[in-house]
Amino acid sequence: MSTNAMAWEARLAAAGIALADVESTASAATPANPWYLRLMAGIGAFIGAIMVLLLLGLGLSSLRLFDSAQSAGAVGLFLCVSSIGMYAFWRGVAAEQFALAVSIAGQAGFAISVADLFRSGASISWWPLVGLQALLWLLIGNGLHRTLTGAALAVFGALSCRAPAALAAWWAALVLVAAAILAAEAWFAARGRGHAVGPAFFGLIAGVIAAQIPWFFKLWPGSPAAGPEALPWATQVPAMLLITWAATAGAPAATRVGALLLGFATASLGAWLPGWIPALVLALGGLAWARPGWAVVAALVLIFSVSVYYYSLAITLLDKAARMALAGVACIALAAVVQQVGARWPGPHSQREAQ
Amino acid sequence: MSQSSLSGYSERRTWLLDQVANGRLGAGDLAGARVALGLVPGRHGWMRVIGATLLATGIALLAAAAIFAVAFNWDRLGHFSRFAILEGLLVASVLGAWWRGAGSVAGESLMIAAVLLTGALLALFGQTYQTGADPYSLFVVWAVLILPWCLHARWPAAWLIWLVVANVGLALFCHGMGGDAFFWRLFGRHEAWFAAAIALNGLLVVAFELMGERLDLGGRRIVPRVALLAVLLAATAILLPALSYRPFWARDWQGGWQVLLAGAAFALTLWWTYLGKRDLPLLAATTLAGIGIGFAVFMRIIGPANEFGVLLISAAYWIGLVSAAVVWLRGLAATKEST
């Protein structure tokens, strides 16, 4: 057992959490390569995979097996299946990047055949791509791949929605599923799938944010004119409530209810801003599930969402300035109240005191 | 390893999930275990996080409100009012940084704000008084003005901003300078900026490596490493086309000087990262760049890439070189760890 593991076990024991004396079934982890080696191997393998795929394309073309959109689709599906196998049986950064390149190439081939089949650009033309992304998201457990397919799933699904209500339902469902996955991390961990939760959650949330922001600026091609007035953004509020409830597990009932009210108020305040609620879910997930990077990304998205307020033409800059000043004073007053309330709670006020 | 350092988050989190998977830790204890290991705040920690977030949000909203109010009235403000606002903010930032001191987060943040406000003030000056000066002069003057602050602050973030400003000024200078200057007659206009970037950043690397301790930039050498990375990128940008699809021997004689300068810079970078400082991350970057250049030369020699045999050999060459480099670097890393 490593020195760190012994120290961590001691801290858990000091907190009254006893670890069962069970024979570990996990194989001893090999020490990971330094980050720069992993990066180098990953870049090298990705570029190498592109060359191998070009080779494959040349070979198939010479055999007349890759000369139409339909054959591109068939080859693409074959490559996707191959990547599933690669991820399942190969290990290492280089193998993962190789499999990623194969998967991307396969998805591109499939997309070519779908585009050829549905030339009208109708909503239905995106459904096969959504289906493929959903399958790959379920079957391939690699963190980076799951993040990318989750994001693609959110974006392609949004592109397939023509009615604002359908779009709102799609995003609300995705954010809710993401929040539910993160809330059930312990359940997944007990089944040996704990490491898959983070990428699954982050991919879906990042995809929703990536889809909402261009939608707000009416950048999606072929979509109906939509903006904050047309879309019921508040359908995403249940996800915020779910993640808040899960984050306060073990706390007294009064605390949980207070947290729910705070989460509801915070979500509702900016419900019409692009990416606001998914970013809040991401921020809370980052803080409560020990992912500081998520909280940083969420903070940047929240700042961007607020900056969009600058361009709203409904009210003047002076009115906006006054509202923001009032909100700022209210936040500072609330901060003072929270500090006073926290100081009156019994128990150690810092980790150092607890030790 | 510090128990509360951000770099340990991933290891502690992974270890906890493994304990749940192994059955040593109950799924219901996972949340409490995260608190015990300092991964997430406890009850009081949450109050501190919420309080700090509300305070930071309140301050940001007040600052944004001030900006919005100024923006609303900007057209009505006279020249002196505009300058007074910016200069007032600049003076307040400098005084605040001096009061809080260079070692505190608040002091360093205010110093960064002062550095950025200097650029904004110069931009306002250029916008208000249309002197017809070249754009590069703003960045050059900006870099000169903030240099004393960077020397005093001794904070890598300030130096990195200075590095960006200096390089942007250099790029604009190269872009706008006429073709009769001696430098361009020597090095040619096509890749002139890259050659100038090699010279500037190379000098900075030498200066920072020699004076690093006196500047108290910390043991991580972030600033000289970023400058060296800039040298590497510029050298690669010259060598890659000059040795492959746009060969220097088919161009004017100035191409030869560029290749000579870039080649020398590349060789010095390799020597410094391998034999000098044994900086493995930068050595990995240098190795990958070298493999890329070598691959481009190889492709030029063996012929067009749309032939099956050529592609097969190229793929094997690339994969073989990268694999060999990874094995070599892994050995160096293991040797460095054991010493």
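User: What makes Asp279(B) and Arg221(B) a salt bridge?

Analyst: Keep in mind that this is a predicted model. The closest N and O atoms of Asp279(B) and Arg221(B) are 3.2 Å apart. The cut-off is within 4 Å, for a side-chain nitrogen of Lys or Arg and a carboxyl oxygen of Asp or Glu. So the pair of Asp279(B) and Arg221(B) counts as a salt bridge.

User: Where do Asp279(B) and Arg221(B) sit in chain B?

Analyst: Both are in loops, 58 residues apart, and the pair links distant parts of the chain. Asp279(B) belongs to the loop between helix 11 (254–276) and helix 12 (280–302), while Arg221(B) belongs to the loop between helix 9 (192–215) and helix 10 (222–242).

User: Which residues make up the network of salt bridges that share partners?

Analyst: Glu209(B), Arg221(B), Arg225(B), Lys277(B) and Asp279(B) are joined into one network.

User: Why are Asp279(B) and Arg221(B) called buried?

Analyst: Buried means under 20% relative accessible area. Asp279(B) comes in at 3%, so it's buried. Arg221(B) has 19%, which is also under 20%, so that one is buried as well.

User: How do you know that the salt bridge of Glu9(A) and Arg24(B) joins two chains?

Analyst: Look at where the partners live. Glu9(A) is in helix 1 (residues 3–14) of chain A and Arg24(B) is in the loop between helix 1 (9–22) and helix 2 (30–36) of chain B, so the bridge runs between two chains. Their closest N and O atoms are 2.9 Å apart, within the 4 Å cut-off. Glu9(A), at 19% relative accessible area, is buried, and Arg24(B), at 15%, counts as buried too.

User: What does the salt bridge of Arg291(A) and Glu185(A) tie together?

Analyst: First the distance: the closest N and O atoms of Arg291(A) and Glu185(A) are 3.8 Å apart, which is within 4 Å. Arg291(A) lies in the loop between helix 12 (276–288) and helix 13 (292–308) of chain A, and Glu185(A) lies in helix 8 (residues 185–190), so the pair ties together parts 106 residues apart in sequence. Arg291(A) has 10% relative accessibility and counts as buried; Glu185(A) has 1% and is buried as well.

User: How many salt bridges are there over all chains?

Analyst: The count comes to seven.

User: How do you know that the span of helix 5 of chain A agrees with what it should be?

Analyst: Helix 5 (residues 127–139) has 13 residues, and at 1.5 Å a residue it should span 18 Å. The end C-alpha atoms are 18 Å apart, so the two values agree.

User: Why do the buried residues of helix 5 of chain A line one face?

Analyst: The buried residues are Leu129(A), Val130(A), Leu132(A), Gln133(A), Leu136(A) and Trp137(A). Seen down the helix axis, they fall within an arc of 165°, so they line one face. An α-helix has 3.6 residues a turn, so residues three or four places apart point the same way. The face turned away from the buried side of helix 5 carries the exposed residues Trp127(A), Leu138(A) and Leu139(A). As for packing, the buried residues sit against helix 3 (69–89), helix 4 (93–117), helix 6 (143–160), helix 7 (164–183) and helix 9 (194–216) of chain A.

User: What makes up chain B, in helices and strands?

Analyst: Chain B has 13 helices and zero strands. Buried residues are 41% of its 339 residues.

Terms used:
Residues are numbered from 1 along each chain as its sequence is written. Chains are lettered from A and ligands numbered from 1 in the order in which they are written. This is a predicted model: local features need pLDDT of at least 70, side-chain atom pairs count only at pLDDT 80 or more; totals for chains, interfaces and linings use all residues. Side-chain values use heavy atoms; hydrogens and water are left out. Helices (H or I, at least four residues) and strands (E, at least two) are DSSP runs, numbered from the N terminus. The expected span of a helix is 1.5 Å times one less than its number of residues. Buried means under 20% relative accessible area, exposed over 50%, partly exposed in between (1.4 Å probe, protein chains only). The arc is that of the directions from the helix axis to the C-beta atoms. Contact means heavy atoms within 4.5 Å.
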